[in-house]
Amino acid sequence: MVVSAGQFDAPQAATPPLGTPPRLPAQPAAGESSPGGRTGGRLAVLDGLRLVAALAVVTYHYTYHAPRTWGAPSTEVFSRTSLVTGYGWLGVELFFVISGFVICMSAWGRGLGRFFVSRVVRLYPAYWFAVLATTAVVAAVMVGHPRPSGTDLLVNLTMLQRPMGVPEIDGVYWTLWEELRFYLLFAIVIWRGLTYRRAVLFCLLWTVASVVVSGSPHAVLHLVVGDEFSPFFIAGIAFYLMHRFRPTILLWGIVGVSWALGLKRVYPTAEYVARSGDRPHLWLGVVLVVTGIFAVMAAISLGWLNWIRGGWLTIAGALTYPLYLLHQEIGYVVIVRLHDRVPKWPLLIGLLAAMLLAAWLVHRLVERPLAPRLKRALTAAMADAATADTAAGGTAVDQQPRRSG
């Protein structure tokens, strides 16, 4: 919401405690426009930004980090293009900032049960299909490629392969555990009731915990806290609080600390990317990209990009997740098979188009039919659990001995 200048000048009876949400005009109903052009529901610009992040990761894998798939190092095949696409791995960090924003937005006013159902319905249908499709394609086409065992495949279907130490069917699936861990940690706030103060406190406590465990040799602490990527999720939450309420020095402080810690956390990855591509370590470029991510999210939270609208953005958002899940291993198979028969640019452009089409088909033929059924089944199961708890509680009360007189 946009707060008028007069509201900043209004005298206050007392200084509110730290973390008290700023006083706002009435929130618009879902879908109605606020005075600043924001809506109470979905932000279309975030859908477009998600697709930008996904395409950055895809082009990074195809033109920079594609070992032995083009018959030569990909940075030689795309010598000039890879100078830009070599930063595409930072699309993952952009995903995490967006996720912090969107999860805080979608969880507001929801209980833990509804949050659980919404996350399962959103993540699993396309993921199950992608795991099975990738396994089938790689097993059928890539002769000599290591095939996952049956148990590894089953564990991958749970999305818990990383904390269990099981190899991922597709290398990009490592990010899904980072998302799940964020959901599990944020679920504590939702369970208690998501409010401005609790969201701020969560950001502060997670930041402190991440700093404390960052130098720990105990892997279990890193597994639980998720200190490597926490600054990006935390920044996303702070940006959403700016969007829903207004910017404050506390929220800007959270964003600033997250930006600094985020740069610290991506430094080792930047060095690895430079070595893997046999390129000089262009740290300035990484700083500029990460800063740009924070700047764009700040612009969105302040309502400066509300003019970016259109139905195509919803389609872009729908394509993002299936595209991310399908592109790497299947794309490598296509490149290996066709790079010596099709020129590189027609192959690359055609592959990108084919992956976008495949993503749309997964959304249309898998997610849209399966998601509502899964939602109904999970909602019914949650209702049955609540009914059973109520019945058990009533029985327990009825069986209490009665006091005489």
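pLDDT is the predictor's confidence in each residue, on a scale from 0 to 100. Keep that in mind for the legends below, since this is a predicted model.

**Figure 1. The two low-confidence stretches of the chain, residues 1–18 and residues 394–405.** Over residues 1–18, pLDDT stays under 50. The model still gives that stretch 24 contacts beyond four places in sequence. Residues 394–405 also have pLDDT under 50 throughout, and here the count of contacts beyond four places in sequence is zero. Where pLDDT is low, the predicted coordinates should not be read in detail. For the protein as a whole, the mean pLDDT is 87, and 86% of the residues reach 70 or more.

**Figure 2. The whole protein, with its 15 helices.** There are zero strands to look for in this one. The chain has 405 residues, and 46% of them count as buried. Take the contacts with a separation of 6 or more: 77% of them come from residues 24 or more positions apart.

**Figure 3. Helix α2 alongside helix α14.** Here you see α2 (residues 44–63) and α14 (residues 311–338), whose axes come within 7 Å. How do the two helices run relative to each other? Their axes cross at roughly 10 degrees, and angles under 35 degrees count as roughly parallel, so α2 and α14 are roughly parallel to each other. On the α2 side, the residues making the contact include A44, V45, L51, L55, V58 and Y62. On the α14 side, L313, L323, Y324, H327, Y332 and I335 are among them. Sorted by class, the contact has 14 nonpolar, eight polar and two charged residues.

**Figure 4. T69, in the loop between α2 and α3 (74–77).** Is T69 buried or exposed? Its relative accessibility is 4%, so T69 counts as buried. Leaving out residues up to four places away in sequence, T69 touches Y332, I335, V336 and H339. One of these, I335, is 266 residues away along the chain, yet the C-alpha atoms of T69 and I335 are separated by 5.9 Å. I335 also belongs to the contact between α2 and α14, as does Y332. Closer to home in the sequence, a polar atom of the T69 side chain lies 3.0 Å from the backbone oxygen of A66.

**Figure 5. Helix α7 and the residue M159 just after it.** Which residues of α7 (residues 150–158) are buried? They are L153, V155, N156 and L157. Helix α6 (112–141) is part of what covers them. Once the helix ends, M159 sits in the loop between α7 and α8 (174–192). Check the backbone at this spot: phi of M159 is near 75 degrees, a positive value in a residue other than glycine. M159 has a relative accessibility of 1%, so M159 counts as buried.

**Figure 6. D278, in the loop between α12 (249–276) and α13.** D278 is another residue to check for its backbone, with phi near 55 degrees, again a positive value in a residue other than glycine. What about its surroundings: is D278 buried or exposed? With a relative accessibility of 69%, D278 counts as exposed.

**Figure 7. S301, in helix α13 (residues 283–301).** Relative accessibility drops to 0% for S301, so S301 counts as buried. Look at the side chain here: one of its polar atoms lies 2.8 Å from the backbone oxygen of A298.

**Figure 8. G226, in the loop between α10 (219–225) and α11 (230–244).** G226 counts as buried because its relative accessibility is 3%. Which residues does G226 touch, not counting residues up to four places away in sequence? The answer is R181, W206 and L221. S210 is worth finding in this view too: G226 and S210 are 16 residues apart along the chain, and their C-alpha atoms are separated by 7.1 Å.

**Figure 9. R244, in helix α11.** R244 has a relative accessibility of 22%, so R244 counts as partly exposed. M105 is 139 residues from R244 in sequence. Going C-alpha to C-alpha, though, R244 and M105 are 8.4 Å apart in space.

How values were computed. Residues numbered from 1 in each chain as written. Predicted model: local features only at pLDDT ≥ 70, side-chain atom pairs only at ≥ 80, totals over all residues. Heavy atoms only, no water. Contact = heavy atoms within 4.5 Å. Axes fitted to C-alpha atoms, helices over the stretch in contact; angles between N-to-C directions. Helix = DSSP H or I, 4+ residues; strand = E, 2+ residues; numbered from the N terminus. Parallel < 35°, antiparallel > 145°, perpendicular 65-115°, else oblique. Nonpolar A, V, L, I, M, F, W, Y, C, P; charged D, E, K, R; others polar. Buried < 20%, exposed > 50% of the residue type's maximum accessible area, 1.4 Å probe, protein only. Polar contact = N/O pair within 3.5 Å; in protein donor to acceptor, adjacent residues only side chain to side chain.
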